[in-house]
Amino acid sequence: MSNPPETSTELLESLQHQVALFARRAEQTRLGGVGRARNSMDRAAYLLLNRLDHEGPMGVKALAEAMGIDSSTVTRQVAPLVDTGLVKRTSHPEDGRAVVLALSPRGRGRLGEVRDSRRQLMAKVTEDWSTQERELFTELLGRFNIALAEWHSGLGQREADRDEGAVGR
């Protein structure tokens, strides 16, 4: 994947710097939100609970694939969520031998608290932005996340390898 000629080195340098700053600030605050729920749920837990909330009960393997991580990582990250009652393990409805993970009522409530808190933080941080600016930022950040996910899944790397091969011919 080659850079468009109109993309300057300076612009790409600024972009990577802003992404690095964003990553650091997001990690520092864990995008924690405001109020009681502030800084109370780490990124991995939030993303796992959010996925289970949106997609419903699923097995470890399916959850790992959906999140683009390996099963052992999901197993390790889910264990404390099960221990604290935010996630429950249940039998698969069609195959009683298989186990699926599901958001517990407690987990749904806790996730709702954290979402509310984080929405409040986003409102405060962007309070002087217009609705259009918020929409544009959300759209572009979404596109950026998709592009990164595709790159990490190997699509981008395969394209880069192919482009380098074409240049070397």
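Biologist: What covers the buried residues of α4?

Modeller: The cover includes α2, α3, β1 and β2. Keep in mind that this is a predicted model. The buried residues themselves are Thr-73, Val-74, Val-78 and Leu-81, and each is called buried because its relative accessible area is under 20%.

Biologist: Happy with that. Where does α4 sit in the chain as a whole?

Modeller: The chain has seven helices and two strands, in the order α-α-α-α-β-β-α-α-α from the N terminus. Helix α4 covers residues 71-83. Of the 169 residues in the chain, 24% count as buried.

Biologist: Why is α2 called roughly perpendicular to α4?

Modeller: Helix α2 (residues 43-55) packs against α4 at an angle of about 90°, the two axes being 10 Å apart. Angles of 65 to 115 degrees count as roughly perpendicular, so α2 earns that description relative to α4.

Biologist: Which residues of α2 and α4 meet?

Modeller: From α2 come Ala-44, Ala-45, Leu-48 and Leu-49, and from α4 come Val-74, Gln-77, Val-78 and Leu-81. Sorted by type, the residues of this contact are seven nonpolar, one polar and no charged. Gln is not on the list of nonpolar or charged residue types, so Gln-77 is the polar one.

Biologist: And why are α3 and α4 called roughly perpendicular to each other?

Modeller: Their axes cross at roughly 105° and come within 8 Å. The window of 65 to 115 degrees takes in that angle, and α3 and α4 are therefore roughly perpendicular. Val-60, Lys-61, Leu-63 and Ala-64 of α3 make this contact with Ser-71, Val-74, Thr-75 and Val-78 of α4. That set divides into five nonpolar, two polar and one charged. Lys counts as charged, so Lys-61 is the charged member.

Biologist: How do you know that the span of α2 agrees with its 13 residues?

Modeller: The expected span is 1.5 Å times one less than the number of residues. For the 13 residues of α2 that gives 18 Å, and the end C-alpha atoms are 18 Å apart, so the two agree. Helix α4 also has 13 residues, and its reach of 18 Å from first C-alpha to last is close to the expected 18 Å.

Biologist: What makes Asp-42 a cap for α2?

Modeller: A side-chain oxygen of Asp-42 lies 3.3 Å from the backbone nitrogen of Ala-44, at the N-terminal end of α2. A polar contact needs such a pair within 3.5 Å, so the distance qualifies. After α2 comes Gly-56, with a positive phi near 85°. Just after α4, Gly-85 has a positive phi too, of about 80°.

Biologist: Is Ser-104 buried or exposed?

Modeller: Buried: its relative accessible area is 6%, and the cut-off is under 20%. Ser-104 is in the loop between β2 and α5. Setting aside neighbours within four places in sequence, Ser-104 is in contact with Gly-85, Leu-86, Val-87 and Lys-88.

Biologist: Why is Ser-72 called partly exposed?

Modeller: Its relative accessible area is 48%. Buried means under 20% and exposed means over 50%, so a value in between is called partly exposed. Ser-72 is found in helix α4, and its C-alpha is 9.1 Å from that of Lys-61, eleven residues away in sequence.

How values were computed
Residues are numbered from 1 along each chain as its sequence is written. This is a predicted model: local features need pLDDT of at least 70, side-chain atom pairs count only at pLDDT 80 or more; totals for chains, interfaces and linings use all residues. Side-chain values use heavy atoms; hydrogens and water are left out. Axes are lines fitted to C-alpha atoms, for helices over the stretch in contact, and angles run from 0 to 180 degrees between N-to-C directions. Helices (H or I, at least four residues) and strands (E, at least two) are DSSP runs, numbered from the N terminus. Angles under 35 degrees count as roughly parallel, over 145 as roughly antiparallel, 65 to 115 as roughly perpendicular and the rest as oblique. Contact means heavy atoms within 4.5 Å. A polar contact is a pair of N or O atoms within 3.5 Å; within protein, one must be able to donate a hydrogen and the other to accept it, and residues adjacent in sequence count only if both atoms are side-chain atoms. Buried means under 20% relative accessible area, exposed over 50%, partly exposed in between (1.4 Å probe, protein chains only).
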